[in-house]
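This report describes strand pairing and helix packing in a two-part account. The sequence and structure are shown first.

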Amino acid sequence: MNIIVLLKQVPDTETQIKIAPDGKSIVTDDIKWIMNPYDEFGVEEALRIKEKFGGEVTVVGLGPKRVTESIRTALAMGADKGILITDDALEGSDSLAVAKAITAAVKDLDYDLIFTGQRGIDDDMGVVGASVAELLGIPNISLGIKVEISEDQKTVTVNRPVEGQTLVIESSLPALITAQKGLNEPRYASLPGIMKAKRKPLEEKSLADLGLDASEFGTEARKVKILELTPPPERAAGKIIEGETPQEKAAELARLLHEEAKVL
Amino acid sequence: MIELPEEIEILKQTVRRFVEDEVEPLAYLIDEQERVPDQLVKKARDLGLFGLTIPEQYGGSGMGPLGLAVLREELGRTNMGFGSFFLLNNGIGSKGILYQGSDEQKEKYLPKLASGEMIACFALTEPDAGSDAGAIKTTAERRGDYYVINGTKQFITNGPVADVATVIVVTDKKLGAHGGISAVLVEKGARGFIQGKEEKKMGWHGSATGSLIFEDCTVPVGNLLGKPGQGFAVAMKTLAFGRLGVAATALGAAQRAFEMACDYASQRVAFGKPIAKQQFIQGMIADMATEIWAARLMVYTLAKDMEADLERNTEASMAKVFATEVAWRAADANVQIHGGMGYIREHPAERLYRDVRLLRIVEGTSEIQRIVISRKYLSNPL
Ligand SMILES: Cc1cc2nc3c(=O)[nH]c(=O)nc-3n(C[C@H](O)[C@H](O)[C@H](O)COP(=O)(O)OP(=O)(O)OC[C@H]3O[C@@H](n4cnc5c(N)ncnc54)[C@H](O)[C@@H]3O)c2cc1C
């Protein structure tokens with residue numbers, strides 16, 4: 001089983017996001033970058049499948065040089081090789097352009113399965129996985145919370161939650177699966193793993209290396225344009241329910257939930 | 001921001017996450033029970049924490065001073081008792097073997113120390129010799145193919161639980177600190193070797209500290225590290241590395257105290273507004289932030305220099321004394337900002353205050369560090 005995992009580097013969830021003066025992007029200085037948590041589920045699942053069936057796990061990232069850190073983290077967890085698609089012309093690309101670049105990088109690799117997160121926790125678009133599957137012409141199964149490879153390694157069965165029910169999907173291979181929370185508990189990169197990762201191959205590819213035309217990428221080529229970013233509204237102060245007795249307070253709470261919050 | 005090599009940055013993120021997810025939820029329990037749960041020790045082993053600085057050929061990760069600094073900074077953020085198990089294996093408990101050990105000794109101990117199968121300790125301090133390490137009285141007398149050890153070591157981290165101890169002993173009374181002190185390995189269960197009970201301590205609960213008693217304790221001559229008389233050098237070199245580690249722990253503790261203080265000050269309302277709006281509190285926060293930045297620059301400059309194999313003994317003392325005193329002031333200010341809450345056992349501010357106190361004492365007290373520093377400048381006037 002050869003498996004590819006697509007990963008994105010995103011700001012740590014604890015980072016205080018500030019909107020840049022242009023009103024359309026965020027200030028990236030001093031941001032702590034991490035591997036997109038949904039992609040991490042993909043890495044973990046790929047490693048588990050590799051441990052069971054053998055094969056190789058290749059991690060593919062896209063973005064500036066700093067993304068190597070997230071790729072190396074995946075290598076430290078146990079993946080075998082990394083590819084970083086990096087090119088100044090990619091800066092500002094939309095999801096479809098990203099999917100095109102990734103497709104060009106993976107289409108000639110030998111793979112049975114591709115994992116990626118169901119979405120990036122930064123832009124929350126959730127488009128790249130499905131687009132790559134479409135461009136590669138392979139089945140796309142989204143939001144997997146359980147993945148099982150058949151003994152003959154020809155098909156995959158994926159569980160996907162749907163409104164409290166579970167949809168069980170079977171697909172031929174190769175296929176692309178997007179990972180949802182609940183799929184697994186990702187392992188820590190072990191310390192010896194971190195040192196070993198330094199020696200694992202990590203290739204860099206520019207758009208030219210991939211045979212792509214730079215004019216189809218970047219901010220100018222976006223099909224989806226960002227008009228404006230606005231910060232979330234300040235959270236209003238909480239309300240303390242007044243009352244002499246628990247009964248009085250409960251009655252007041254019920255009234256407020258009904259009349260003000262309108263949830264009852 | 002200090003630029004760190006990629007693998008060190010990954011190490012930092014990994015340990016930060018391990019501490020937040022696995023250690024911090026148990027920090028209070030470890031403090032109360034004065035014991036690190038076996039399950040957590042196992043997780044630390046699986047992660048490879050025992051072998052961080054042990055060379056890869058012996059099953060460790062072979063990281064240097066920078067890796068150690070990052071690890072200890074992150075561990076300084078939580079219950080400090082947790083790390084002592086494996087910090088000894090990575091520091092003073094294994095360095096002697098690494099620096100002076102024979103190939104045979106390295107093969108025998110380092111892989112087991114790296115995996116955590118064996119726990120190490122380092123025994124220098126005695127009832128009558130702490131700061132004045134040259135005054136130790138524990139003797140090792142050669143009798144044929146054996147050394148016979150007599151004496152008592154005190155306040156030894158991991159003493160009660162260690163599988164192998166690096167013990168600093170007098171092999172030649174006449175020469176004393178000038179070539180008469182040696183380092184010898186003693187294993188658990190050696191004849192005449194008694195591992196004393198665990199002391200009750202102010203902080204660092206979960207880290208077992210106790211006496212080692214040697215009553216005609218007999219070990220093969222092959223247990224000597226290096227040559228007779230090299231023990232003092234082993235001890236001093238080992239401790240210099242340790243000072244960086246203590247400084248980094250202090251940095252992590254100071255940073256944690258600072259974060260806790262900022263959070264609480266922003267939430268706690270008195271006189272109708274968050275206490276963070278009071279100038280007194282703002283001053284404390286500003287001082288903490290400023291001092292922590294200075295400590296951070298010192299610790300990481302030192303670690304980078306040591307990583308490049310530069311001799312930085314004086315600077316190690318400077319970083320140790322400064323960072324541990326910054327941490328002390330930060331822990332105190334944090335308790336103050338928390339008011340009564342900061343004095344309650346269940347609040348981490350209280351534990352941090354107790355844990356941090358040790359850092360000014362171990363691996364050379366603040367006074368001894370100042371002596372070391374001043375000596376360099378006063379004996380070599382410009
Ligand atoms: C929890 C814990 C763990 C420890 N772990 C270990 C361990 O693993 N291995 C080990 O070998 N030791 C260990 N120690 C011992 C520790 O290193 C010593 O306690 C420390 O070095 C101080 O020695 P002392 O206690 O004998 O104090 P003393 O040397 O008696 O000092 C008492 C006071 O006098 C001051 N003082 C001494 N000499 C001078 C001077 N010349 N000028 C000015 N002031 C001076 C000191 O700074 C201190 O304030 C540990 C101690 C503790 C509490």
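How many of the seven residues of strand 5 (residues 181-187) of chain B are buried? In this predicted model, six of the seven are buried, and the strand is thus described as mostly covered.

Strand 5 of chain B has pairings with two strands, listed below with one pair of facing residues for each.

| Partner of strand 5 (chain B) | Sense | Bridges | Facing residues |
|---|---|---|---|
| Strand 4 (residues 164-170) of chain B | antiparallel | seven bridges | B:Val169 opposite B:Ser182 |
| Strand 8 (residues 224-225) of chain B | antiparallel | two bridges | B:Ala183 and B:Leu225 |

Chain A contains an open sheet of seven strands, paired in parallel in the order 7-11-6-1-4-5-12. Strand 7 (140-144) and strand 12 (202-205) of chain A form its edges; each has a single partner strand, so one side of each lacks a neighbour in the sheet. From one strand to the next, the twist averages 20°.

At one of these edges, strand 7 of chain A joins strand 11 (residues 175-179) of chain A through three bridges in the parallel sense. Within this pairing, A:Gly144 lies opposite A:Ala179 of strand 11.

Helix 1 (residues 37-53) of chain A packs on the sheet, where it touches strand 1 (3-7), strand 4 (57-62), strand 6 (113-117) and strand 11 of chain A. The direction of helix 1 makes about 165° with that of strand 1 of chain A. Helix 4 (residues 128-136) of chain A lies across strands 1, 6, 7 and 11 of chain A, and runs at about 160° to strand 7 of chain A.

Methods:
Residues numbered from 1 in each chain as written. Chains lettered and ligands numbered in written order. Predicted model: local features only at pLDDT ≥ 70, side-chain atom pairs only at ≥ 80, totals over all residues. Pairing = 2+ DSSP bridges. Helix = DSSP H or I, 4+ residues; strand = E, 2+ residues; numbered from the N terminus. Axes fitted to C-alpha atoms, helices over the stretch in contact; angles between N-to-C directions. Contact = placed C-beta atoms within 7 Å. Buried ≥ 20, exposed ≤ 12 C-beta atoms within 10 Å, placed from the backbone.
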